[in-house]
Amino acid sequence: RTARDRWPGPVLWSGGRPTLRLWLPAPPLQQLDPENTGFIGADTFAGLVHSHELPLDPAKLDMLVALAQSNERGQVCYQELVDLISSKRSSSFKRAIANGQRALPRDGLLDEPGLGVYKRFVRYVAYEILPCEVDRRWYFYRHRSCPPPVFMASVTLAQIIVFLCYGARLNKWVLQTYHPEYMKSPLVYHPGHRARAWRFLTYMFMHVGLEQLGFNALLQLMIGVPLEMVHGLLRISLLYLAGVLAGSLTVSITDMRAPVVGGSGGVYALCSAHLANVVMNWAGMRCPYKLLRMVLALVCMSSEVGRAVWLRFSPPLPASGPQPSFMAHLAGAVVGVSMGLTILRSYEERLQDQCGWWVVLLAYGTFLLFAVFWNIFAYDLLGTHVPPPP
């Protein structure tokens, strides 16, 4: 029997997870598709569900109606129905709903009554991150508390632990880079240690002082955790680590004598991606005071970059060597606007199906290849004098 001969029955739900898929007896094709067009009427399918008295996720019924109403005949094709039941969303599927002439049949999530504390937080995250009501509802009803957003929380916790360890060891909590023992850490990126490849990433666990750590940790928890809740661990960890790696490699090209510390490359990748997504979808975003918050975020990020520039070129205390570079901040912002915006705009869609993703990935790969060759050959060819590492 072919797929068209077996019509997918509704999914039985238990604890918010699909536990069993039933296949209903196939009715005559003339009844479901009398003209043999390959399309199914939404009302016909809903009647089939009710006649068998089997529960279907109400959010998916809403999606089905919205999808059908994007078609002038109120129908959906068989593959769209299968994708909906199996929780798959293609670009064409999302576009069909977005181009529909009416909203979902129920009110928005803000009018959802009787929610507990956690579900209200999930709703808050949906309105903070997603610009479309369809996406918000899809995320709200499909969100599961397991797995939790462990990546950003783990990175932040590790950064705090490393900072406390070095603070206690050096007995210094502000401007730690001025301590002669600080640069001896195996985690710090130093141009004299560029052959030790792990340093291009591990520098994110070291920080100049308490103020830099506090700024990065706050943004990682306020922006990174909601982003991870919506877009998943793999996408957000990829974006964060891409910003961190781009930061150290950019410093090795543009500021060849400077070390790098802090997770600002990853933090600015997350922040710039989120801010760019808000700007690109300004009309659809429903987060409160979005203009004021946008201005405050830009002011804080600009102030942090200005502080890094000041420490690099006008250090307040005499130091034995160059101070950490600020170029990682700018590199992270570029990664966020390019790669990050592509990731955030592809919610619930496979990145490999997006043409823009491959363009961005090719550009990032070209930059990595260039940076690797630069670090191998450019220092000797240019005769750059690199201060010896501690």
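# Learning to read this structure

Q: How should I read the accessibility of Phe377: buried, partly exposed or exposed?
A: Phe377 has 45% relative accessibility, so it counts as partly exposed. The general idea is a scale on which buried means under 20% relative accessible area and exposed means over 50%, with partly exposed in between. Please keep in mind that this is a predicted model.

Q: Where does Phe377 lie, and how many residues is it from Phe373?
A: Helix H15, residues 355–382, holds both Phe373 and Phe377. They are four residues apart, which is about one turn of the helix. Phe373 counts as partly exposed because its relative accessibility is 44%.

Q: How many aromatic pairs are there, and what is the geometry of Phe373 with Phe377?
A: To read an aromatic pair, look at the distance between ring centres and at the angle between the planes; planes under 30 degrees apart count as stacked. There are eight aromatic pairs in this model. In the pair of Phe373 and Phe377, the centres are 6.1 Å apart and the planes differ by 20°, which makes the pair stacked.

Q: Which side chains lie over the face of a ring, as with Trp282 and Phe313?
A: Here the idea is to look for the charged end of a Lys or Arg above a ring. Lys290 does this with Trp282, at 4.8 Å from the ring centre. Arg312 lies over the face of Phe313, and its distance from the ring centre is 5.3 Å.

Q: Let us step back to the whole chain. How many helices and strands does it have, and what share of its residues is buried?
A: The protein chain has 15 helices and four strands. It has 390 residues, and 48% of them count as buried. Sequence separation adds another view: among contacts between residues at least 6 apart in sequence, 74% join residues at least 24 apart.

Q: How do I read a pair of helices, say H10 and H11?
A: Start with how close the axes come and the angle at which they cross. Helix H10 covers residues 210–231 and helix H11 covers residues 233–254; their axes come within 7 Å and cross at roughly 135°. That angle makes H10 oblique to H11. Next, see who meets whom: Gln220, Gly224, Leu227, Glu228 and His231 of H10 meet Leu233, Arg235, Ile236 and Tyr240 of H11. By class, this contact of H10 with H11 has four nonpolar, three polar and two charged residues.

Q: At what angle do H8 and H11 cross, and which residues make their contact?
A: The axes of H8 and H11 come within 9 Å and cross at roughly 40°. H8 and H11 are therefore oblique to each other. On the H8 side the contact is made by Val150, Phe151, Met152, Val155 and Gln159, and on the H11 side by Leu233, Ile236, Ser237, Tyr240 and Leu241. The contact of H8 with H11 divides into eight nonpolar, two polar and no charged residues.

Q: What can I say about Arg169, starting with its helix?
A: Arg169 is in helix H8, which runs over residues 150–170. Its relative accessibility is 59%, so Arg169 counts as exposed. You can also compare sequence with space: Arg169 and Tyr182 are 13 residues apart along the chain and 9.8 Å apart from C-alpha to C-alpha.

Q: What is the backbone like between Cys146 and Pro147?
A: Read the omega angle of the peptide bond. Cys146 and Pro147 are joined by a cis peptide bond with omega of about 5°. Pro147 belongs to the loop between helix H7 (133–142) and H8.

Q: Which loops hold Leu175 and Tyr289, and what is phi in each?
A: For this feature, check the sign of phi in residues other than glycine. Leu175 is not a glycine, yet its phi is positive, about 50°. Leu175 sits in the loop between H8 and helix H9 (199–202), and with a relative accessible area of 15% it is buried. Tyr289 has a positive phi near 55° and lies in the loop between helix H12 (264–280) and helix H13 (290–313). Tyr289 counts as exposed, at 67% relative accessibility.

Q: Is Ser346 buried or exposed, and what is it in contact with?
A: Ser346 is buried, with a relative accessible area of 4%. Its place is the loop between helix H14 (327–344) and H15. Leaving aside neighbours within four places in sequence, Ser346 is in contact with Arg235, Leu351 and Gln354.

Key:
Residues numbered from 1 in each chain as written. Predicted model: local features only at pLDDT ≥ 70, side-chain atom pairs only at ≥ 80, totals over all residues. Heavy atoms only, no water. Axes fitted to C-alpha atoms, helices over the stretch in contact; angles between N-to-C directions. Helix = DSSP H or I, 4+ residues; strand = E, 2+ residues; numbered from the N terminus. Parallel < 35°, antiparallel > 145°, perpendicular 65-115°, else oblique. Contact = heavy atoms within 4.5 Å. Nonpolar A, V, L, I, M, F, W, Y, C, P; charged D, E, K, R; others polar. Phe/Tyr/Trp six-rings, centres within 6.5 Å; stacked < 30°, edge-to-face > 60°. Buried < 20%, exposed > 50% of the residue type's maximum accessible area, 1.4 Å probe, protein only. Lys NZ or Arg CZ within 6 Å of the ring centre and 35° of its normal.
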